[in-house]
Amino acid sequence: MPAQAVEVGNAADIAEGAVRVVTAGGTRLALCKYRGQLYAIDDVCTHDGGALGQGELIDNEIECPRHGARFDIRTGRPTCLPAVVPVRTYPVRVDDEGRIFVEVGS
Ligand code: FES
């Protein structure tokens, strides 16, 4: 399936340090704001399917609410057990009007 850029909201509506669950092209994502930048990762923890979008963002790491694994939202890499497999990340772009687009489907 070719990649497509899907609009998922406006950057002004997402506070610093916030996590929001959005759906883009049928994929549930956790959209995170860290130091003014937006990052999109799968909403599903690679350890055992926990909802990462319900987790807490601690600096650049999101903590899974189920068993406490952490992932770097910039790379998807696990930074704390029990997860050992990276979570998928997606490119995010914000246009001149603040609209957020996430590239999914590639
Ligand atoms: S499901 Fe996320 S840490 Fe276990």
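**Cysteines, sheets and cores in a predicted model**

The sulfur of Cys32 lies 13 Å from the closest cysteine sulfur, that of Cys64, which is too far for a bond. The model under discussion is predicted, and a search of the whole structure returns 0 disulfides. Since a disulfide is taken as a pair of cysteine sulfur atoms within 2.5 Å, the separation computed for Cys32 and Cys64 excludes a bond between them because 13 Å is too far. Cys80 is likewise in no disulfide, the nearest cysteine sulfur again being that of Cys64, at 11 Å. As to solvent accessibility, Cys32 has a relative accessibility of 0% and therefore counts as buried, whereas Cys80, with a relative accessible area of 33%, is partly exposed.

The surroundings of Cys32 can be described through the pairing of its strand. Cys32 has Tyr39, in strand 4, as its bridge partner, and strand 3 and strand 4 pair in the antiparallel sense over 6 bridges. These two strands form a hairpin with 2 residues between them, and Arg35, in the turn, has a positive phi of about 50 degrees. On the other flank, strand 3 pairs with strand 2, also in the antiparallel sense and over 6 bridges; within this pairing, Thr23 has Arg28 of strand 3 as its bridge partner. The hairpin of strand 2 and strand 3 has 2 residues between the strands as well, and here Gly25 takes a positive phi near 55 degrees.

Strands 2, 3 and 4 belong to an open sheet of 4 strands that has the order 2-3-4-9 and antiparallel pairing. The edges of this sheet are formed by strand 2 and strand 9 (89-90), each of which pairs on one side only. Strand 9 is joined to strand 4 by 2 bridges, the two strands running antiparallel; Ile41 stands opposite Thr89, and Ala40 has Tyr90 as its bridge partner. Of the 6 residues of strand 4, 5 are buried, so that this strand is largely enclosed by the rest of the structure.

Ala15 is found in the loop between strand 1 (4-10) and strand 2 (19-24). With a relative accessible area of 47%, Ala15 is partly exposed. The C-alpha atoms of Ala15 and Tyr34 are separated by 9.1 Å, although the two residues are 19 apart along the chain.

Another open sheet, also of 4 strands, has the order 5-6-7-8 with antiparallel pairing. Strand 5 (56-58) and strand 8 (78-80) stand at its edges, and because each has a single partner strand, one side of each is left without a neighbour in the sheet. From one strand to the next, the twist averages 35 degrees. Strand 5 and strand 6 (residues 61-63) run antiparallel and are joined by 3 bridges, with Glu61 of strand 6 serving as the bridge partner of Ile58.

Glu61, which lies in strand 6, also takes part in side-chain interactions. A polar contact of 3.3 Å joins the side chains of Glu61 and Arg70. When residues up to four places away in sequence are not counted, Glu61 touches Glu56, Arg70, Phe71, Asp72 and Thr79. Arg70 thus appears both in the polar contact with Glu61 and among the residues that Glu61 touches.

The nonpolar packing comprises separate cores. In the largest nonpolar core, which has 15 residues, Ile41, Leu52, Ile62, Phe71 and Ile73 touch the most other members. The elements that give two or more residues to this core are strand 3 (27-34) and strand 4 (37-42), and strand 3 provides the largest share, at 3 residues. A second, separate core has 14 residues, among them Val6, Leu29, Leu38 and Ala40. Two of the residues named in this description of the cores also appear in the pairing of strand 4 with strand 9: Ile41, listed for the largest core, stands opposite Thr89, and Ala40, listed for the second core, has Tyr90 as its bridge partner. Phe71, listed for the largest core, is in turn one of the residues that Glu61 touches.

Conventions
Residues are numbered from 1 along each chain as its sequence is written. This is a predicted model: local features need pLDDT of at least 70, side-chain atom pairs count only at pLDDT 80 or more; totals for chains, interfaces and linings use all residues. Side-chain values use heavy atoms; hydrogens and water are left out. Two strands pair if DSSP finds at least two bridges between them. Axes are lines fitted to C-alpha atoms, for helices over the stretch in contact, and angles run from 0 to 180 degrees between N-to-C directions. A nonpolar core is a set of buried Ala, Val, Leu, Ile, Met, Phe, Trp, Tyr and Cys residues joined through side-chain atoms within 4.5 Å. Buried means under 20% relative accessible area, exposed over 50%, partly exposed in between (1.4 Å probe, protein chains only). A polar contact is a pair of N or O atoms within 3.5 Å; within protein, one must be able to donate a hydrogen and the other to accept it, and residues adjacent in sequence count only if both atoms are side-chain atoms. Contact means heavy atoms within 4.5 Å.
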